[in-house]
Amino acid sequence: MTNIVNDEVKNRVVYEVSNLNLWYGNDQALVDVSADIESNEVTAIIGPSGCGKSTFIKTLNRMVELIPIVKTSGEIKYNGVDIFDKSIRVEDLRTKVGMVFQKPNPFPKSVFENVAYGPRIHGIKNKKILNEIVETSLKKAAIWDELKDRLNDNAYGLSGGQQQRLCLARVLAVEPEVVLMDEPTSALDPISTLKIEDLIQELKSSYTIIIVTHNMQQAGRISDKTAFFLNGEIIEFDRTETIFSTPKDKRTEDYITGRFG
Amino acid sequence: MENVPAKKYMSEEKYSKRTARRILLDKIVRWAFSFSILFAVIVLVVLLYQIITKSIGWLDWNFLTGNLSIKPEKAGIRGVILGSLLLMVVVIPVTLFLGVATAIYLEEYAGKSKLKTIITTNISNLASVPSVIFGLLGLAVFGRLFNLGSSILAGGLTLSLLVLPIVVVSSQEAIKAVPGYLRDASYAIGASKWTTIRKVVLPASLPGILTGSILAMSRAIGETAPLVVLGIPTLILKIPNGIFDDFTALPIQIYYWTLDTVLTAEYANLAAATIVVLLTMLFLMNSIAIFIRNKFQKRY
Amino acid sequence: MNDTSIRNLILKNLESSKGKKTDKIVTTLLLMAASISIVTSIGIVVTLVNDAVHFFAEVPLRDFFSTELAPLGIEPAFGVIPLLVGTVMSALIAMLVAVPIGLTAAIYLSEFAPTSFRNTLKPIMEVLAGIPTIVYGFFAYSFVTPILMKMLPNLEAKNVLSAGLVMGVMIIPMVTSLSEDAMNAVPNSLREGALALGATKLEVTLKVVVPAAISGIVASFILGISRAIGETMIVVIASGSSKKLTFDITQSMQTMTSYIVEFTGGDAGAGTVGYYSLYAVGLLLFIFTLIMNLIAQYVAKKYREVY
């Protein structure tokens, strides 16, 4: 019985991207991008600098709109609904699709207040409930033990790795379905990086994770599927083992073997 | 879109309604906040309109070239304008010399010494001392001690001290903005420090220094309180000839005419006309400053 | 031939002591100029204290901090409390105007206004800031007071309400510009982090940006108060010179600054108690504004978040 449910969940398509184009003013950053992202998987996005991977991931939660000269065409369906449709509230989208940034950006508030920010905005005022949510989120981010006695400490006193896990807990506190990660470990030391990679593996059973990384080994270690971007296009998008051992496109092979990028 | 964070804690309908309210609140408050700017704009427009309308008919060539008089129809502000200009004749060289010298010392000679911190904190404290206090200082030191009474020199020196921080700070920034490689080039051919400053740094920072001194002048030309404390009198019928003479200045004249409006209603019109003259001078000065800044500011 | 003689000239010049002497003279001159600011500060303190001491030699502290103020009366009294009340009331009214309007304007300019708006609106703020206070004073007396008199029939011609309101308008640009600077210093990564959680722009501004910038914002308020306390011409013209102790804002009240200006308009001969009272009040005023400025600096530094 559980197996059938698991299989169903595994095959569900969360994001359907069709012919996505994006321009910063007159410069085209994304060229006819199409991809299907499945649930409860880790999808890695790799490619050389400037290939559009950050732009792509920021389009998935419409954060890219913060830049005024951005224009898009094409369709991105999230759970079957086009996210660019006028009837969609971007606040709703971003609650379901969370984001962790490259440089940890905790608020200059206490650990507790950082995690409670999201739930508070959505109207949860009850102290007991907030305590529960904060504890659960910090546990999911594997940082509860380290911080349970420091909930009132300012987040800026934490180490880089702790701050990043705190930011993850902050995202998890609003119970998203998808977690977007834009090079989350590139500013961290190796030990913190490994901790977060372990965390990602644990989280994928409950969340869909899309991670941009410039570190190919990382993509190889933690992802189920990998998309290779070059000059704004998806060159190849397949199971990770395939991409890394038997890539179909020569450009993918060149990148994987380090001939450029 | 199914959408319930913390599903245990809130029903979907309640959540959706709440989100709608949040988005609406965002729109309303954004709009409401813009009212403050609107308020400021309206006040400015009303202020200028009121003053200009009160001056109509009173601001004419005779007004600008005539002498002061008790009778409002005959009053002219030639002496007053001259007084203000003569004040600037004192303020400009004093503040330029002292202000730029201070800035040069702070930026080129003082390094990170304790003295630099003391002088810098001093200057920023002086910048927030009320102008009346400078008046009291001027009265005691320039008026009484140096026995300059209520002459242009006394007024000019007092105002110079008042606006000195403005010149120092803007000159400092102008000097700081001169890139190191220009100085290096000069030192590398064996030029001394002072020569480098004189021939490389100062010319490069001149636009910023000029802008700063124009700003200081605009401040000085509109200052009233220190001059009143110094004892600048109400009705000066004699036109000042030199900096040791008694005088009156634009803001003082506005002040006295405004105070006496209760006796003679037309004084309000005279005050308004004088204000227009003062504001015009300020407008011209600031336009020149902006022009200098835009035209000569090199981007290194 | 030219090479060697130029080289010789340069060497001779470098070795001469004239260059070194010039440098030394210049350094000394510059140092002297720079110390003028210190001399000024010392001068202010010395002048105020010196003549205040003369005042307190004749008027005991107890009488100074009393409520009876009649410097030209038959029995001169120099109680400063009415002036303190006048100063505080006018500053209070001014801040009630300047804080809400200044802060919301700053928030709007910093977080919500489109760039084209900002570029037109900022200069307007700068114009307001550049208007001489005497012009504001004239505006208060000849325009604001008559309008207020229509709304409040028992308003006196000289009243502290009118002065306070216009003072508030004068302070708005200062509060706006300093608060805006504080909010601009908050890094964008914080705004992005909050938006990515599904917050509205308003929630990001009020719950993340403003709290992060709060030390600079509060410092701007304190500096605004300091400015209000030190303001002279607006209160002189619009609020008059009543020395009666009252809390009624529809009446005239004199402030510390206004007292100093009124009295020096020829009424005080040098060496009289009245003359020295100016310096006593001046000293008090100086101490107040100095404390406010130090507090503002302290607040700005201590609670500034290190980003």
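1. Helix H10 of chain B (residues 250-259) and helix H7 of chain C (residues 133-151) have axes that come within 10 Å and cross at roughly 20°. Angles under 35 degrees count as roughly parallel, and H10(B) and H7(C) are therefore roughly parallel to each other. Their crossing is left-handed. Keep in mind that this is a predicted model.

2. On the chain B side of this helix pair, the residues in contact are B:Pro251, B:Ile254, B:Tyr255 and B:Thr258. H7(C) meets them with C:Ile134, C:Gly137, C:Phe138 and C:Tyr141. Sorted by class, the contact of H10(B) with H7(C) has six nonpolar and two polar residues, and no charged ones.

3. Chain C is also in contact with chain A: 16 residues of chain C meet 21 residues of chain A. On the chain A side, at least two residues each come from helix H3 (90-96), strand S6 (97-100), helix H4 (111-121) and helix H7 (160-172). H3(A) gives the largest share of that side, four residues. The side of chain A that touches chain C has 11 nonpolar residues, with five polar and five charged.

4. Within chain C, the domain assignment gives domain 1 as residues 2-58 and domain 2 as residues 69-302. The C-alpha centres of these two domains of chain C lie 38 Å apart. Nine residues from domain 1 of chain C and eight from domain 2 of chain C take part in the contact. The domain 1 side of this contact has six nonpolar residues, one polar residue and two charged residues.

Methods: Residues are numbered from 1 along each chain as its sequence is written. Chains are lettered from A and ligands numbered from 1 in the order in which they are written. This is a predicted model: local features need pLDDT of at least 70, side-chain atom pairs count only at pLDDT 80 or more; totals for chains, interfaces and linings use all residues. Axes are lines fitted to C-alpha atoms, for helices over the stretch in contact, and angles run from 0 to 180 degrees between N-to-C directions. Angles under 35 degrees count as roughly parallel, over 145 as roughly antiparallel, 65 to 115 as roughly perpendicular and the rest as oblique. A crossing is left-handed if the near helix is turned anticlockwise from the far one by less than a right angle, and right-handed if clockwise. Two residues are in contact if their C-beta atoms, placed from the backbone, lie within 7 Å. Ala, Val, Leu, Ile, Met, Phe, Trp, Tyr, Cys and Pro count as nonpolar, Asp, Glu, Lys and Arg as charged, and the others, Gly among them, as polar. Domain bounds come from an automatic or database domain assignment.
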